[in-house]
Amino acid sequence: MSRRPFIAGNWKMNLDLASARALIADIRARIAGQPPIDIAVCPPSIYFFPTAKALADSPIAMGAQNCHHEKAAFTGEVSPAMVRRRAASMSSLAIERRHTIGPKDAAGHVHGESDEMVALKVRAVLDAGLVPIVCVGETLDERDANKTEAVLTRQIHGSLAGLDSAAAAQLVVAYEPVWAIGTGRNATPQQAQDAHAHIRNVLAEKFGRSIADGIRIQYGGSVKPDNALTLLSCPDVDGALVGGASLKAGDFVAIIEAGIKAKS
Ligand code: PGA
(Lines give C-alpha, C1' and ligand atoms only; values in the text may rest on other atoms or scores of the structure.)
Protein backbone atom coordinates (compact mmCIF):
# COMPACT_ATOMS: atom_id res chain seq x y z
CA MET A 1 0.00 0.00 0.00
CA SER A 2 1.35 3.43 -0.78
CA ARG A 3 1.34 5.87 2.09
CA ARG A 4 1.82 9.58 1.45
CA PRO A 5 5.07 10.61 3.15
CA PHE A 6 4.77 13.13 5.96
CA ILE A 7 7.54 15.39 7.28
CA ALA A 8 6.76 17.44 10.39
CA GLY A 9 8.97 20.01 12.12
CA ASN A 10 8.74 20.28 15.90
CA TRP A 11 10.07 23.66 16.97
CA LYS A 12 9.78 22.93 20.70
CA MET A 13 10.61 26.18 22.60
CA ASN A 14 12.91 27.56 19.90
CA LEU A 15 12.71 30.72 17.77
CA ASP A 16 11.49 34.21 18.53
CA LEU A 17 8.60 35.53 16.48
CA ALA A 18 10.73 37.37 13.92
CA SER A 19 12.90 34.31 13.27
CA ALA A 20 9.81 32.06 13.07
CA ARG A 21 8.34 34.33 10.39
CA ALA A 22 11.66 34.44 8.53
CA LEU A 23 11.98 30.64 8.71
CA ILE A 24 8.51 30.13 7.21
CA ALA A 25 9.20 32.64 4.43
CA ASP A 26 12.47 30.86 3.64
CA ILE A 27 10.86 27.39 3.62
CA ARG A 28 8.05 28.65 1.38
CA ALA A 29 10.52 30.18 -1.04
CA ARG A 30 12.30 26.81 -1.37
CA ILE A 31 9.18 24.68 -1.94
CA ALA A 32 7.77 24.82 -5.44
CA GLY A 33 4.08 24.17 -6.16
CA GLN A 34 2.31 21.30 -4.40
CA PRO A 35 4.90 18.71 -3.36
CA PRO A 36 3.80 15.03 -3.33
CA ILE A 37 4.29 14.86 0.42
CA ASP A 38 2.57 16.19 3.56
CA ILE A 39 4.48 18.88 5.45
CA ALA A 40 3.72 20.50 8.80
CA VAL A 41 5.40 22.71 11.36
CA CYS A 42 4.52 22.69 15.05
CA PRO A 43 5.21 26.06 16.71
CA PRO A 44 4.87 26.81 20.42
CA SER A 45 1.20 27.66 21.08
CA ILE A 46 1.97 31.33 21.70
CA TYR A 47 2.92 31.60 18.00
CA PHE A 48 -0.23 29.91 16.58
CA PHE A 49 -1.78 33.11 15.21
CA PRO A 50 1.25 34.53 13.37
CA THR A 51 2.35 31.08 12.20
CA ALA A 52 -1.09 30.30 10.73
CA LYS A 53 -1.00 33.68 8.97
CA ALA A 54 2.49 33.13 7.59
CA LEU A 55 1.52 29.66 6.32
CA ALA A 56 -1.71 30.79 4.59
CA ASP A 57 -2.09 29.41 1.04
CA SER A 58 0.98 27.25 1.37
CA PRO A 59 1.27 23.44 1.22
CA ILE A 60 2.47 23.49 4.84
CA ALA A 61 0.04 22.59 7.64
CA MET A 62 0.33 23.77 11.21
CA GLY A 63 0.29 21.47 14.23
CA ALA A 64 0.42 21.90 17.97
CA GLN A 65 3.10 20.31 20.11
CA ASN A 66 0.70 19.34 22.83
CA CYS A 67 -2.80 19.93 24.17
CA HIS A 68 -4.91 18.99 27.17
CA HIS A 69 -7.69 16.46 26.79
CA GLU A 70 -10.21 18.48 28.82
CA LYS A 71 -12.15 21.35 27.32
CA ALA A 72 -11.88 23.90 30.15
CA ALA A 73 -10.63 24.89 33.59
CA PHE A 74 -7.01 23.74 33.44
CA THR A 75 -4.71 26.68 34.07
CA GLY A 76 -2.14 27.22 31.37
CA GLU A 77 -3.34 24.43 29.07
CA VAL A 78 -4.61 24.61 25.47
CA SER A 79 -7.58 22.52 24.28
CA PRO A 80 -7.79 20.68 20.95
CA ALA A 81 -10.71 22.96 19.97
CA MET A 82 -8.50 26.04 20.48
CA VAL A 83 -5.84 24.46 18.29
CA ARG A 84 -8.47 23.64 15.69
CA ARG A 85 -9.68 27.25 15.61
CA ARG A 86 -6.21 28.31 14.58
CA ALA A 87 -6.55 26.25 11.43
CA ALA A 88 -4.17 23.55 12.58
CA SER A 89 -4.73 20.28 10.80
CA MET A 90 -2.83 18.05 13.15
CA SER A 91 -1.64 17.97 16.69
CA SER A 92 1.56 16.36 17.79
CA LEU A 93 1.82 14.56 21.11
CA ALA A 94 5.51 14.30 21.75
CA ILE A 95 7.27 11.39 23.41
CA GLU A 96 9.44 13.92 25.16
CA ARG A 97 6.61 14.60 27.54
CA ARG A 98 6.79 10.99 28.68
CA HIS A 99 10.47 11.27 29.57
CA THR A 100 11.40 14.92 30.10
CA ILE A 101 8.45 16.66 31.72
CA GLY A 102 7.53 15.36 35.18
CA PRO A 103 9.04 14.44 38.57
CA LYS A 104 12.36 12.56 38.77
CA ASP A 105 12.83 9.39 40.84
CA ALA A 106 15.94 8.64 42.91
CA ALA A 107 17.68 7.15 39.87
CA GLY A 108 17.09 10.35 37.90
CA HIS A 109 14.40 8.87 35.64
CA VAL A 110 11.62 11.30 34.74
CA HIS A 111 8.08 10.02 35.18
CA GLY A 112 6.15 12.11 32.70
CA GLU A 113 2.96 11.48 30.78
CA SER A 114 1.64 7.95 31.01
CA ASP A 115 0.09 5.87 28.24
CA GLU A 116 -3.28 6.53 29.89
CA MET A 117 -2.78 10.30 29.60
CA VAL A 118 -1.69 9.96 25.98
CA ALA A 119 -4.80 7.85 25.25
CA LEU A 120 -7.08 10.59 26.64
CA LYS A 121 -5.34 13.16 24.46
CA VAL A 122 -5.51 11.00 21.35
CA ARG A 123 -9.28 10.64 21.79
CA ALA A 124 -9.73 14.40 22.41
CA VAL A 125 -7.60 15.32 19.41
CA LEU A 126 -9.57 12.97 17.14
CA ASP A 127 -12.88 14.28 18.51
CA ALA A 128 -11.77 17.80 17.58
CA GLY A 129 -11.19 16.66 14.00
CA LEU A 130 -7.41 16.88 14.22
CA VAL A 131 -4.79 14.28 13.38
CA PRO A 132 -2.76 13.10 16.37
CA ILE A 133 0.88 12.18 15.94
CA VAL A 134 1.27 9.58 18.67
CA CYS A 135 4.88 9.22 19.73
CA VAL A 136 6.31 5.99 21.10
CA GLY A 137 9.87 4.93 21.81
CA GLU A 138 12.20 3.19 24.22
CA THR A 139 14.91 4.58 26.49
CA LEU A 140 18.55 3.51 26.14
CA ASP A 141 18.25 1.29 29.24
CA GLU A 142 15.26 -0.45 27.69
CA ARG A 143 17.06 -0.97 24.35
CA ASP A 144 20.16 -2.31 26.09
CA ALA A 145 17.96 -4.73 28.04
CA ASN A 146 16.39 -5.98 24.77
CA LYS A 147 13.03 -4.58 25.80
CA THR A 148 12.44 -2.36 22.75
CA GLU A 149 9.66 -4.46 21.22
CA ALA A 150 7.93 -5.04 24.55
CA VAL A 151 7.99 -1.32 25.33
CA LEU A 152 6.62 -0.37 21.90
CA THR A 153 3.87 -3.01 22.20
CA ARG A 154 2.87 -1.69 25.62
CA GLN A 155 2.92 1.94 24.50
CA ILE A 156 0.86 1.27 21.36
CA HIS A 157 -1.77 -0.73 23.26
CA GLY A 158 -1.88 1.78 26.12
CA SER A 159 -1.83 4.97 24.04
CA LEU A 160 -4.45 3.73 21.60
CA ALA A 161 -6.72 1.99 24.14
CA GLY A 162 -10.39 2.16 23.26
CA LEU A 163 -9.95 3.32 19.66
CA ASP A 164 -11.88 1.57 16.93
CA SER A 165 -10.50 0.86 13.47
CA ALA A 166 -12.18 3.89 11.87
CA ALA A 167 -10.50 6.19 14.42
CA ALA A 168 -7.19 4.37 14.07
CA ALA A 169 -7.21 5.04 10.33
CA GLN A 170 -6.82 8.79 11.13
CA LEU A 171 -3.66 8.34 13.19
CA VAL A 172 -0.05 9.10 12.55
CA VAL A 173 2.44 7.27 14.78
CA ALA A 174 6.00 8.48 15.36
CA TYR A 175 8.75 6.12 16.48
CA GLU A 176 11.07 8.29 18.56
CA PRO A 177 13.73 6.34 20.44
CA VAL A 178 14.35 8.52 23.50
CA TRP A 179 18.14 8.05 23.20
CA ALA A 180 18.09 9.60 19.72
CA ILE A 181 16.11 12.76 20.48
CA GLY A 182 18.26 15.87 20.42
CA THR A 183 21.41 13.79 20.97
CA GLY A 184 22.83 13.75 17.46
CA ARG A 185 22.72 9.95 17.62
CA ASN A 186 20.11 8.64 15.19
CA ALA A 187 18.84 5.07 14.95
CA THR A 188 20.46 3.12 12.13
CA PRO A 189 18.14 2.48 9.17
CA GLN A 190 17.95 -1.19 10.24
CA GLN A 191 17.02 -0.29 13.84
CA ALA A 192 14.37 2.11 12.54
CA GLN A 193 12.96 -0.38 10.02
CA ASP A 194 12.80 -3.16 12.65
CA ALA A 195 10.99 -0.92 15.13
CA HIS A 196 8.59 0.42 12.49
CA ALA A 197 7.76 -3.08 11.23
CA HIS A 198 7.10 -4.18 14.81
CA ILE A 199 4.84 -1.16 15.44
CA ARG A 200 2.92 -1.93 12.23
CA ASN A 201 2.47 -5.55 13.31
CA VAL A 202 1.08 -4.45 16.67
CA LEU A 203 -1.27 -2.04 14.86
CA ALA A 204 -2.34 -4.93 12.60
CA GLU A 205 -3.13 -7.16 15.58
CA LYS A 206 -5.17 -4.36 17.09
CA PHE A 207 -6.94 -2.87 14.06
CA GLY A 208 -6.49 -5.33 11.19
CA ARG A 209 -3.83 -5.51 8.50
CA SER A 210 -5.43 -3.16 5.98
CA ILE A 211 -5.86 -0.34 8.55
CA ALA A 212 -2.29 -0.89 9.80
CA ASP A 213 -0.95 -0.77 6.25
CA GLY A 214 -2.51 2.66 5.79
CA ILE A 215 -1.18 4.25 9.01
CA ARG A 216 1.87 6.44 8.51
CA ILE A 217 4.75 5.85 10.92
CA GLN A 218 7.29 8.67 11.13
CA TYR A 219 10.81 8.28 12.49
CA GLY A 220 12.03 10.97 14.90
CA GLY A 221 15.41 11.42 16.57
CA SER A 222 18.33 13.39 15.13
CA VAL A 223 17.05 13.34 11.54
CA LYS A 224 19.41 15.51 9.47
CA PRO A 225 19.90 16.12 5.74
CA ASP A 226 22.77 13.61 5.66
CA ASN A 227 20.85 10.67 7.18
CA ALA A 228 17.31 11.44 5.95
CA LEU A 229 17.48 9.60 2.64
CA THR A 230 18.65 6.26 4.07
CA LEU A 231 16.16 6.43 6.94
CA LEU A 232 13.25 7.45 4.71
CA SER A 233 14.12 4.74 2.18
CA CYS A 234 13.17 2.03 4.70
CA PRO A 235 9.89 0.45 3.59
CA ASP A 236 8.04 1.07 6.87
CA VAL A 237 9.43 4.58 7.48
CA ASP A 238 6.79 6.92 6.08
CA GLY A 239 8.17 10.26 7.12
CA ALA A 240 10.06 12.11 9.81
CA LEU A 241 9.36 14.12 12.94
CA VAL A 242 12.21 16.60 12.93
CA GLY A 243 13.37 18.72 15.87
CA GLY A 244 16.67 20.59 15.56
CA ALA A 245 16.97 20.34 11.77
CA SER A 246 13.50 21.87 11.31
CA LEU A 247 14.84 25.21 12.57
CA LYS A 248 16.95 25.80 9.45
CA ALA A 249 15.04 26.19 6.19
CA GLY A 250 17.80 24.60 4.09
CA ASP A 251 18.01 21.53 6.34
CA PHE A 252 14.24 21.11 6.68
CA VAL A 253 13.67 21.40 2.93
CA ALA A 254 16.56 18.99 2.25
CA ILE A 255 14.77 16.44 4.49
CA ILE A 256 11.49 17.08 2.63
CA GLU A 257 13.32 16.50 -0.66
CA ALA A 258 14.84 13.30 0.70
CA GLY A 259 11.31 12.13 1.58
CA ILE A 260 10.09 12.82 -1.95
CA LYS A 261 13.10 11.05 -3.47
CA ALA A 262 12.89 8.04 -1.15
CA LYS A 263 9.26 7.40 -1.94
CA SER A 264 9.12 8.23 -5.66
P1 PGA B 1 15.59 16.05 17.13
O2 PGA B 1 14.15 16.05 17.83
O3 PGA B 1 15.36 15.94 15.64
O4 PGA B 1 16.20 17.37 17.52
O5 PGA B 1 16.34 14.88 17.66
C6 PGA B 1 13.15 15.12 17.43
C7 PGA B 1 11.84 15.37 18.15
O8 PGA B 1 11.85 15.64 19.34
O9 PGA B 1 10.77 15.28 17.55
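The following questions and answers introduce a predicted model and its ligand.

In this predicted model, local features need pLDDT of at least 70 and side-chain atom pairs pLDDT 80 or more, while totals for chains, interfaces and linings use all residues. Residues are numbered from 1 along each chain as its sequence is written, and side-chain values use heavy atoms, without hydrogens and water.

Visitor: Which helix gives the largest share of the largest nonpolar core?
Guide: A nonpolar core is a set of buried Ala, Val, Leu, Ile, Met, Phe, Trp, Tyr and Cys residues joined through side-chain atoms within 4.5 Å. The largest has 64 residues, and Ile7 and Leu160 are among those with the most contacts inside it. Its largest share, seven residues, comes from residues 189–207, a DSSP run (H or I, at least four residues, numbered from the N terminus) named helix H9.

Visitor: Is His196 buried or exposed?
Guide: His196 is placed in helix H9. Buried means under 20% relative accessible area, exposed over 50% and partly exposed in between, with a 1.4 Å probe and protein chains only. Because its relative accessibility is 0%, His196 counts as buried.

Visitor: How far from an oxygen atom of the ligand is a polar backbone atom of Gly182?
Guide: The residues around the ligand (a heavy atom within 4 Å) include Lys12, Glu176 and Gly182. Polar contacts with the ligand are pairs of N or O atoms within 3.5 Å. A polar side-chain atom of Lys12 lies 2.8 Å from a ligand oxygen atom, and for a side-chain N or O atom of Glu176 the distance is 2.7 Å. For the polar backbone atom of Gly182, the distance to a ligand oxygen atom is 2.6 Å.

Definitions and conventions: Helices (H or I, at least four residues) and strands (E, at least two) are DSSP runs, numbered from the N terminus. A polar contact is a pair of N or O atoms within 3.5 Å; within protein, one must be able to donate a hydrogen and the other to accept it, and residues adjacent in sequence count only if both atoms are side-chain atoms.
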